[in-house]
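Biologist: I am new to this structure. Please take me through it by question and answer.

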Amino acid sequence: MAENKGSMKFIVILTVVVIGLIAAFVMLDNNSNGGESDMASSGGDAPAIDGHPTIGESDAPVEIVEFGDYLCPACKVWSDQAFPLVKQDYIDTGDANFTYINVLFHGEDSELASSAGEAVYKQDPDAFWDFSKALYEAQPEEHEEGWLTKEKILEVAEDSVPSIDTEQMNEDMDSEEIQQEVEKDDNLVKEHGVQVTPTIMINGEMVEDPFNYEEISTKIEKAIEESNE
């Protein structure tokens, strides 16, 4: 059984690498349009995560932050393939927590999606993660202009979070309170010099290749080791 489990994990990691290479080409192709690329910029101190969607133990020794955009094809890949590994290996074990910060590289559509996420988070912080996953899954496999509408967002919310009050969510998305939360995210993007999506930070240090799970794991293990010294 242990041998089979190891083989399955290897296959999953290999899949992440292969899809990551495909995503890198997608990011390069979109570089001039959405600010996406296959390389991360340098970072500084860890982002302030208070008030942002976070999963995992609050006192975990490792803080992982994703700067993502629901309109970004590479972010969809990371959500589908890399995040489940990080969650299984480090978040669920109590070694790390994980925070999502919105990036607005695709203009009004990104703002709309970000407002939706913030509105769900306001109603039910725990439900944010189901909604986030579902919204990425709703992203078309092939580039399609205009796929993201408020109607589509509310449909995804209703399907992924049955308890959500969609009327309240619809109202909240346009509220000043939610717009301020989206602006906070945008300020963090600028403060930390985020230029590509997805950008992954581990205890304030940017991961050079977010699709290299070995690099992610190495940085997390190093951070855990340092916290035990």
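Biologist: Which residue in β3 is the bridge partner of E66?

Modeller: First, this is a predicted model, in which local features need pLDDT of at least 70 and side-chain atom pairs count only at pLDDT 80 or more, while totals for chains, interfaces and linings use all residues. Residues are numbered from 1 along each chain as its sequence is written, and side-chain values use heavy atoms, with hydrogens and water left out. Strand β2 (residues 62–68) pairs with β3 in the parallel sense over seven bridges, where strands are DSSP runs of E with at least two residues and two strands pair if DSSP finds at least two bridges between them. In β3, E66 has as its bridge partner Y100.

Biologist: Which residue in β3 does T54 stand opposite?

Modeller: Strand β1 (residues 54–55) also pairs with β3, in the antiparallel sense and over two bridges. Opposite T54 in β3 stands T99.

Biologist: What is the order of the strands in the sheet, and which are the edge strands?

Modeller: The sheet is open, has five strands and is mixed in its pairing, with the order β1-β3-β2-β4-β5. Two of these strands pair on one side only, which makes the edge strands β1 and β5 (205–206).

Biologist: Which residue in β5 stands opposite M201?

Modeller: Strand β4 (residues 199–202) and β5 pair in the antiparallel sense over two bridges. In β5, the residue opposite M201 is M206.

Biologist: Why is strand β3 largely enclosed by the rest of the structure?

Modeller: A96, F98, Y100 and N102 point one way from β3, while N97, T99 and I101 point the other way. Buried means under 20% relative accessible area, exposed means over 50%, and partly exposed lies in between (1.4 Å probe, protein chains only). Strand β3 (residues 96–102) is largely enclosed because the number of its seven residues that are buried is seven.

Biologist: Is Q180 partly exposed or buried, and how far is its C-alpha atom from that of S115?

Modeller: Q180 lies in helix α7 (residues 176–191), a helix being a DSSP run of H or I with at least four residues. With a relative accessible area of 41%, Q180 is partly exposed. Q180 and S115 are 65 residues apart along the chain, and their C-alpha atoms are separated by 9.6 Å.

Biologist: What is the relative accessibility of E221?

Modeller: E221 is part of helix α8 (residues 213–227). E221 counts as partly exposed because its relative accessibility is 40%.
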